[in-house]
Amino acid sequence: NCTMAICIEDNIVQVVPVICNPPPKPTCANGLSPVQVIDEDGCCWHWECDCYCTGWGDPHYMTFDGLYYSYQGNCTYVLVEEISKKVDNFGVYIDNYHCDTRDVVSCPRTLIVRHETQEVRIATVKPNTLQVEVTVNKQPVALPYKKFGLSIYESGINRVVEIPELKMNVTYNGLSFSIRMPYSLFGNNTQGQCGTCNNNTADDCMLPNGNIAENCETMADHWQVVDPSKPQCSPGLIPTKVPSTTPVQPCKESSICELLLGSVFKPCHGFVRPEKYYAACVFDSCVLPNLDLECSSLQIYAATCTDQGVCIDWRSHTNGICSYKCPSDKEYRACGPIKERTCKSSQQNETSTGQVEGCFCPNGTMPYDSGVDVCVETCGEFFHFSWMHFGEKFTVDCQDCICLEGGSGIVCEPHECAEQSKTSCDGEGFYEVNEVNSEDSCCPIVTCKCNTSLCTTKAPKCTLGFEVHSHIPSGQCCPVYQCVPKRVCVYQNAEFLPNSSVFVDKCQNCFCTNEVNVTTQLNIISCEHIPCNTYCEPGYERQPVKGECCGKCVQTKCVIHTPNIPDLILSPGEFKNDPNNNCTIYSCVNIHNQFISSTSEITCPPFNEESCKPGTITLLPNGCCKTCAPLDSPTPCSVRERKDFIVYKGCRSMDRVVMTECEGTCGTFSLYSAEANSMEHSCSCCRESRTAVREVELQCPTGHSISHKYVYVESCSCQDTEC
């Protein structure tokens, strides 16, 4: 009982009260007021910043720690899950859809709460309205609902899911949601689009792998979950473009957005800052001016203000744009009780101090019970939702009854339904559903509803450079898929955006163009070869080299530098005379890829012009040495020496070799012989009389050398021969 017993001595016990020192009030990162939480001893208390996440409009998010961002995905996403799993099958999820025909923005369609064995779905019946229906494990339920540690009830315009064991509640009304969780149970242990609840916005954009994204718009797309009704959504697929959260063209915002900054909401400005809600309102009024989605920004701001203890009647200041219509037997209140007192609850002394906007019983009346939507003036015996008078006819439990005096007082017979035309649901994905007839709740109407999970056509897997687009033709249920170009370039299993570089090889500069190949529907890659210097020195040719872009200059001929004339270029095995001196010969050989040039000089035999007949001097075939017709004076037969190169089968001596030859005149005549009565002939020629065989080494163009034998004349003489 918040007292402490102190043992003094000798069974003397002193009892003193536990003294609680009020802790200093902290500042919460989300801008909301901290809450008092009782300590474990039940006596003292401390401050905590509750985890409070909201979402509204198309849609805008405020994380647990108060970070604002907008995200236009149209899949099903994790709002909050535990990082370290402590509660079995626990999580809150949101199903978004494109609420604009241009597929520009999204709106929440279904809020999903999972806890242990139950899955609660609060789904919007009509887009952009506050009409919702509740199912548990895919079965419709009436409210209030309470089972297995989870309760669902109506609170004004909201449907509330409460898990008392976790001290958390989730509200949803078709346009906005809020999630409140205690820091003591969930601090530092949440992940999803609502961020990490730790009173620090720095890590609110955390990805499933624990990394922090550069912005929450990028983060939000990574929290997709598998949804069979949305085959076009693929968890793990990274978007190619971060959705824009600002209007493309400037516009004048709706006048009701200004209410957030004006005097209507001024009492709340000190508790909840309105700037982020104002930015969201301006965005909605500019992007979707015909859907009145800006009302959701005012509604969620007013709800947050009410949560902080400041209730504001704001709808009456919107000139009917954000008005809320109640049934004829109810009246609208901006600040009604969270749980309206009923005949049953008043007997149990239930009290609730919170406030909420919604439709309530008029003053002087109250609901009979939370499950009976009838307002009564006094609480007494009540039968099937209404007070009965004698002779009054009514329908209850699908029976037509009349209230009679005497006996049991009520006589009933089965209710008869009017005939209705047969409805056939033949199209793929359609199925028959019995819907409540607003005119006769006992006679359901058979209608056709679409369930895309019944469709057999699956989204194709597109090749690189293409992505899946889907659309549902008018009057059909199942989507039609097609792979459309992403307007990118593809090279070696990789995609490249236009104007980005593409590495093909190091010898080319390539980039992705905006030009499209009409055959492949992919963008064309344009390449230019790296500029090369193609000049090579004379005697050299540019040849390709592996690993180099421009090759290199390789010697293919001999380059002979000579004075007074331009350089000579010779191929291997080629001979060429000096243009100014025919007695000089240049040659080229290739030995082991080494180009070797050589110079040869022709040595002419002795030549005496005086021994020549005039006008007979000519050049020998070698173009160097002179010859002529000799004078009539005989020259005796003798040995003549000369030096010259020996060439045999393409091989040549390294130096000039001394060679000999016979030259001179011998006696030759024709005489008449009277005795023989005929001409007598006597002929002789200058021939070798003694010779020797000598050897010389010859160098061949291939680089090897051979030994060659030749005849050397030692003496000459005139020798007879036939004439």
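**A tour from one disulfide to the whole chain**

The link between C257 and C281 is left-handed, with -85° about the S-S bond. This pair connects distant parts of the chain: C257 sits in the loop between α2 (216-221) and α3 (266-269), while C281 belongs to helix α4 (residues 275-287), 24 residues away. Select both cysteines to begin; their sulfur atoms are 2.0 Å apart, and the two residues form a disulfide. Both C257 and C281 are buried. Please note that the model on the screen is a predicted one.

**Helix α4**

From C281, extend the selection to the helix that carries this residue. Helix α4 consists of 13 residues, and its first and last C-alpha atoms are 18 Å apart, close to the 18 Å expected at 1.5 Å a residue. Which residues of α4 are buried? They are Y277, A280, C281, V282, F283, D284, S285, C286 and V287. To see what covers these buried residues, display the surroundings of the helix: β5, β6 (60-62), β7 (68-70) and α5 are included in the cover.

**Helix α5**

The next selection is helix α5 (residues 294-307). With 14 residues at 1.5 Å a residue, α5 should span 20 Å, and the end C-alpha atoms are indeed 20 Å apart. How many of the residues of α5 are buried? The count is 12 of 14, so that the helix is mostly covered. Among the buried residues of α5 are C295, L298, I300, Y301 and C305. The elements that cover them include β5 (51-56), β18 (176-181), α3, α4 and β21 (355-360). Strand β5 is therefore worth keeping on display, because it is among the elements covering the buried residues of α5 as well as those of α4. Just beyond the helix, select G309, which follows α5 and has a positive phi, near 90°.

**Two further disulfides**

Move along the chain to C417 and C443. These cysteines form a disulfide with their sulfur atoms 1.9 Å apart. This link is left-handed, with -90° about the S-S bond. It also joins distant parts of the chain: C417 is in the loop between β26 (410-414) and β27 (430-435), and C443 is in the loop between β27 and β28 (445-450), 26 residues apart. Is each partner buried or partly exposed? C417 has a relative accessible area of 42% and is partly exposed, whereas C443, at 7%, is buried.

Next, select C450 and C477, a disulfide with an S to S distance of 1.9 Å. The torsion about its S-S bond is about 75°, so this disulfide is right-handed. C450 lies in strand β28 and C477 in the loop between β29 (466-471) and β30 (480-485), so the pair ties together parts that are 27 residues apart in sequence. C450 is partly exposed, with a relative accessible area of 39%, whereas C477 is buried at 2%.

Two other cysteines may be selected for their accessibility. C7 is exposed, with a relative accessible area of 60%. C685 is partly exposed, at 27%. Across the whole structure, a search finds 27 disulfides.

**Domains and an annotated region**

Colour the chain by its assigned domains: domain 1 (49-222), domain 2 (382-414), domain 3 (489-529), domain 4 (535-543 + 552-602 + 610-633) and domain 5 (638-721). How many Å apart are the C-alpha centres of domain 3 and domain 5? The distance between these centres is 79 Å.

An unreviewed UniProt entry carries the annotation "domain: VWFC" for residues 373-449 and 487-554. Select residues 487-554: this part of the chain is 0% helix and 43% strand, and its end C-alpha atoms are 46 Å apart.

**The whole chain**

Finally, zoom out. The chain has six helices and 51 strands. Its radius of gyration is 56 Å, well over the 27 Å that the globule rule gives for 723 residues, so the chain is more spread out than a compact globule. The C-alpha trace spans about 200 × 90 × 55 Å along its principal axes. Of the 723 residues, 37% count as buried. Among contacts in the chain with a separation of 6 or more, 44% are between residues 24 or more positions apart.

Notes:
Residues numbered from 1 in each chain as written. Predicted model: local features only at pLDDT ≥ 70, side-chain atom pairs only at ≥ 80, totals over all residues. Heavy atoms only, no water. Domains from an automatic or database assignment. Disulfide = S-S within 2.5 Å. Helix = DSSP H or I, 4+ residues; strand = E, 2+ residues; numbered from the N terminus. Buried < 20%, exposed > 50% of the residue type's maximum accessible area, 1.4 Å probe, protein only. Expected span 1.5 Å × (residues − 1). Contact = heavy atoms within 4.5 Å. UniProt positions renumbered as here; feature names shortened; annotations may be inferred. Rg over C-alpha atoms; globule rule 2.2 N^0.38 Å.
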